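Reader: Could you take me through the model shown here, beginning with its helix packing and then turning to the ligand?

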Amino acid sequence: MKIEYKKDLKDVFKLDDKQVYIIDSNIYTIYKQLFQSIKNKSRIFIYEANEHTKNYDSLQKIYSFLYTNSINRSNIIYGIGGGITTDIAAFSASTYKRGCRLILIPTTLLGMVDASIGGKTGINYNNIKNGVGSFYIAEKVIINTKFLESLSETEYKNGFVEIVKMSFLPQSDLLSSLAEQQGIEAIIKEAIRTKLELTHIDLHDKSSRRLLNLGHTFGHILESVSNYDISHGTAVAIGIRAAAKLSFQKGFVTREVLEVIERRLDKYALPTSFNSKYLPEILRIGKSILKQDKKADDKYNLVLFNGIQNLTIYKTDEDLEVINVLREFADV
Ligand SMILES: NC(=O)c1ccc[n+]([C@@H]2O[C@H](COP(=O)([O-])OP(=O)(O)OC[C@H]3O[C@@H](n4cnc5c(N)ncnc54)[C@H](O)[C@@H]3O)[C@@H](O)[C@H]2O)c1
């Protein structure tokens, strides 16, 4: 996978009628003039991206769009937008005609540091986030931080949480990038380098790549019970706090280490609690959400702390252990 960094938006968009473009509807509206070089508008699929449309219905519409445009394996499918758009565009590219060429242009911070990197594609299935998907690496990812200028604060924070999460990985030098207040492009580069280091060793998520799931098992419960009203970033931030707390409770880390982790999360003003109105639902369906999170075997692979920049996979089938620690983060 090649990663290109572009300074100007016009450098990103040398787009023509030969390829097809799956574009987030907000990006198409905000940056409309950038798509003017695509004369044949039937080559554009405008996608209203949210977790509810990241589904089989939208995928079918995309397949039909690819069919109508007579796309074959030599054509390039562009996915332009946040992580939802790049995930579904990449999944369609990986499955249509058994695999078409794919270029991703992420437009959110989360998309730049995470979703477009490392080859995971997917759609949601029933209540399972990314329940259907594949591993398919884009031939190119084009990063242009100018897109971030139109991103809402909430969405920016969603991406920033993933950056802070990656700073806890042993492979990462993000802590110094953040401390030195390097510009966002330098921080993005280091986050991508960190993620690629793990995905190169373990593309199929069988071992070390799982460390990237820090905070996500807890986070998925919060996203699901709130029907995605709790944003991904908030859910993962609380998930990292829950992972740190459980690591302390299990004696994996000392109180001092727990406090260092908490201070790092506080320093970047990452969320500390969720609305307690979601508690009954967590108690009611938390177990079944967890069950769906068992990706590879009969146990949950919880990412816990063994130290500040030292993570471990803790295998457990104790639902209550997970649910109880999460309860501690309900606001009062
Ligand atoms: N494949 C992976 O490895 C991977 C990793 C992490 C997350 N993900 C997936 O990514 C998704 C979340 O991605 P996301 O946070 O980018 O959300 P998103 O795609 O929903 O984008 C967030 C919102 O921002 C808007 N938007 C996008 N770019 C914008 C811009 N430049 N200016 C203004 N608005 C803009 C979108 O229209 C949307 O409303 C989840 O579905 C998650 O499962 C995938």
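Reader: Is the crossing of α9 and α12 left-handed or right-handed?
Author: This is a predicted model, in which local features need pLDDT of at least 70 and side-chain atom pairs pLDDT 80 or more, while totals for linings use all residues. Residues are numbered from 1 along each chain, and side-chain values use heavy atoms, without hydrogens or water. A crossing counts as right-handed if the near helix is turned clockwise from the far one by less than a right angle, and the way α9 passes α12 is right-handed.

Reader: At what angle do α9 and α12 pack, and why is α9 oblique to α12?
Author: The axes of α9 (residues 216-225) and α12 (residues 279-293) are 9 Å apart. Angles under 35 degrees count as roughly parallel, over 145 as roughly antiparallel, 65 to 115 as roughly perpendicular and the rest as oblique. α9 is therefore oblique to α12, the angle being about 125°.

Reader: How much of the ligand's area does the protein bury?
Author: Polar side-chain atoms of Asp24 and Lys195 lie 2.7 Å and 3.4 Å, respectively, from an oxygen atom of the ligand. Taken alone, the ligand exposes 860 Å² (Shrake-Rupley method, 1.4 Å probe), of which the protein buries 89%.

Conventions:
Polar contact = N/O pair within 3.5 Å; in protein donor to acceptor, adjacent residues only side chain to side chain. Axes fitted to C-alpha atoms, helices over the stretch in contact; angles between N-to-C directions. Helix = DSSP H or I, 4+ residues; strand = E, 2+ residues; numbered from the N terminus.
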